[in-house]
Structures are given as C-alpha cells and as structure tokens.
Amino acid sequence: MFLAVMLADEPIDLLLLPGLAFDKTGRRLGRGGGYYDTFLSKYQELARQRNWKQPLLIALSYSVQILEDGVIPLTPSDVFIDALVSPSGLIPITPAAQEIIP
C-alpha cells in the first residue's frame, strides 16, 4: 500500500491511521516502529514538492483509546493527526479538519 501511495499521480485526500492511543492535540501512539510516521513524513514531503494539498490524517479509535493531553510520549519524528473518529463522534483537531468536519 505504501509504495502505491508514493507512486500516485494524483494527491491523496485522506489517510486513515491506526494506533493504540490518541489525544485531542493530535498525538498518536503506535507500536513503536515509527513506520507510519516515516511514511507520512515522506508523503507530506512529496505533496509539498508537487504542490499538492496535504492529506487529512484521520485516526479511528475507541473512546477508551483517547487519553488526556500530554500523556502520550512525543518524539521529534511523530506526525500529528488532524482528527479522531470514535463511537462518540468526530473530533476535529487541526484547522484543516475543522473546515471539513462541522
């Protein structure tokens, strides 16, 4: 999947991301390999080079996976999400998500 996205001739509008935990500032806790963050950074750079709009990064979660702000550790390579979707509803985080999600 990652290779197909990197070879796309048109921009990707939306990426759905997994994770173990999230917070309402956009932090995402994965499994520790950094694979998604590496991919997202590379795609964001590709989009900048091609003057494409950045994709909206949406995480799917259960309500119990949404933690208090500041609990999830942060590393310099972490890519923040734009919004959360959980059974209790949509949570827009960034201005880009707030434009699309009422």
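**Entry 1: the hairpin**

I began with strand 6 and strand 7 in this predicted model. Strand 6 covers residues 83-86, strand 7 covers residues 89-92, and the two pair in the antiparallel sense over 4 bridges. I then looked up one bridge: A83 has P92 as its partner in strand 7. Between the two strands I found 2 residues, and together the strands form a hairpin.

**Entry 2: S86**

I stayed on strand 6 and picked S86, which lies in it. Is S86 buried or exposed? I read a relative accessible area of 9% for S86, and the cut-off for buried is under 20%, so S86 is buried. Next I checked what S86 touches beyond its neighbours within four places in sequence, and I found S61, Y62, S63 and I66. For S63 I also looked up the C-alpha separation from S86, which is 5.8 Å, although the two residues are 23 apart along the chain.

**Entry 3: the open sheet**

I turned to another set of strands. In what order do the strands of the open sheet run? I noted the order 3-2-5 for its 3 strands, and the pairing is mixed. Strand 3 (28-29) and strand 5 (66-67) are the edge strands, since each pairs on one side only. I looked at one of the pairings: strand 2 (residues 21-23) runs parallel to strand 5, with 2 bridges between them. In that pairing, D23 has L67 of strand 5 as its bridge partner. I added a textbook remark here: in a regular strand, side chains alternate between the two faces of the sheet.

**Entry 4: R28**

I followed strand 3 to R28, which is found there. I expected to look for a charged partner, as side chains of opposite charge can pair when their charged atoms come close. Which residue does R28 meet in a salt bridge? I found D37, with 3.8 Å from N to O between the side chains. I checked the accessibility of both partners. R28 has 10% relative accessibility and therefore counts as buried. D37 is also listed as buried, at 8%.

I also found that the side chain of R28 reaches the backbone oxygen of P18 at 2.9 Å. Leaving out residues up to four places away in sequence, I listed the residues that R28 touches: L17, P18, G19, A21, F22, Y36, D37, I72 and I81. D37 and P18 both appear in that list.

**Entry 5: the other salt bridge**

I counted 2 salt bridges in the model. Besides R28 and D37, I found E45 and R48, whose side chains meet at 3.4 Å, N to O. Why are E45 and R48 about one helical turn apart? They are both in helix 2 (residues 35-49) and sit 3 residues apart, which means a separation of about one helical turn. I checked their exposure too. E45 is partly exposed, with a relative accessible area of 35%, and R48 is partly exposed as well, at 48%.

**Entry 6: the aromatic pair**

I counted 1 aromatic pair. Y43 and W52 make up this pair, with 6.5 Å from centre to centre and 35 degrees between the planes. Why is the pair called tilted? Planes under 30 degrees apart count as stacked and those over 60 as edge-to-face, so 35 degrees falls in the tilted class. I looked up the accessibility of each ring's residue. Y43 is at 0% relative accessibility and counts as buried. W52 is buried too, with a relative accessible area of 17%.

I then listed the contacts of Y43, leaving aside neighbours within four places in sequence: V5, M6, E10, P11, I12, W52 and P55.

**Entry 7: the cores**

I ended with the nonpolar cores. In soluble globular proteins, nonpolar side chains tend to be buried together. I read that the largest nonpolar core has 17 residues, and that Y43 is among those with the most contacts inside it, along with F39, L40, L57, I81 and L84. Which elements each supply at least two residues of this core? I noted strand 1 (14-17), helix 2 and strand 4 (56-60). The largest share, 5 residues, comes from helix 2. Apart from this core I found another, of 5 residues, including L56, I58, A83 and A97. A83 was already in my notes, as the bridge partner of P92.

Key
Residues are numbered from 1 along each chain as its sequence is written. This is a predicted model: local features need pLDDT of at least 70, side-chain atom pairs count only at pLDDT 80 or more; totals for chains, interfaces and linings use all residues. Side-chain values use heavy atoms; hydrogens and water are left out. Two strands pair if DSSP finds at least two bridges between them. Rings of Phe, Tyr and Trp (its six-membered ring) pair if their centres lie within 6.5 Å; planes under 30 degrees apart count as stacked, over 60 as edge-to-face and the rest as tilted. Buried means under 20% relative accessible area, exposed over 50%, partly exposed in between (1.4 Å probe, protein chains only). A salt bridge is a side-chain nitrogen of Lys or Arg within 4 Å of a carboxyl oxygen of Asp or Glu. A nonpolar core is a set of buried Ala, Val, Leu, Ile, Met, Phe, Trp, Tyr and Cys residues joined through side-chain atoms within 4.5 Å. Contact means heavy atoms within 4.5 Å. A polar contact is a pair of N or O atoms within 3.5 Å; within protein, one must be able to donate a hydrogen and the other to accept it, and residues adjacent in sequence count only if both atoms are side-chain atoms.
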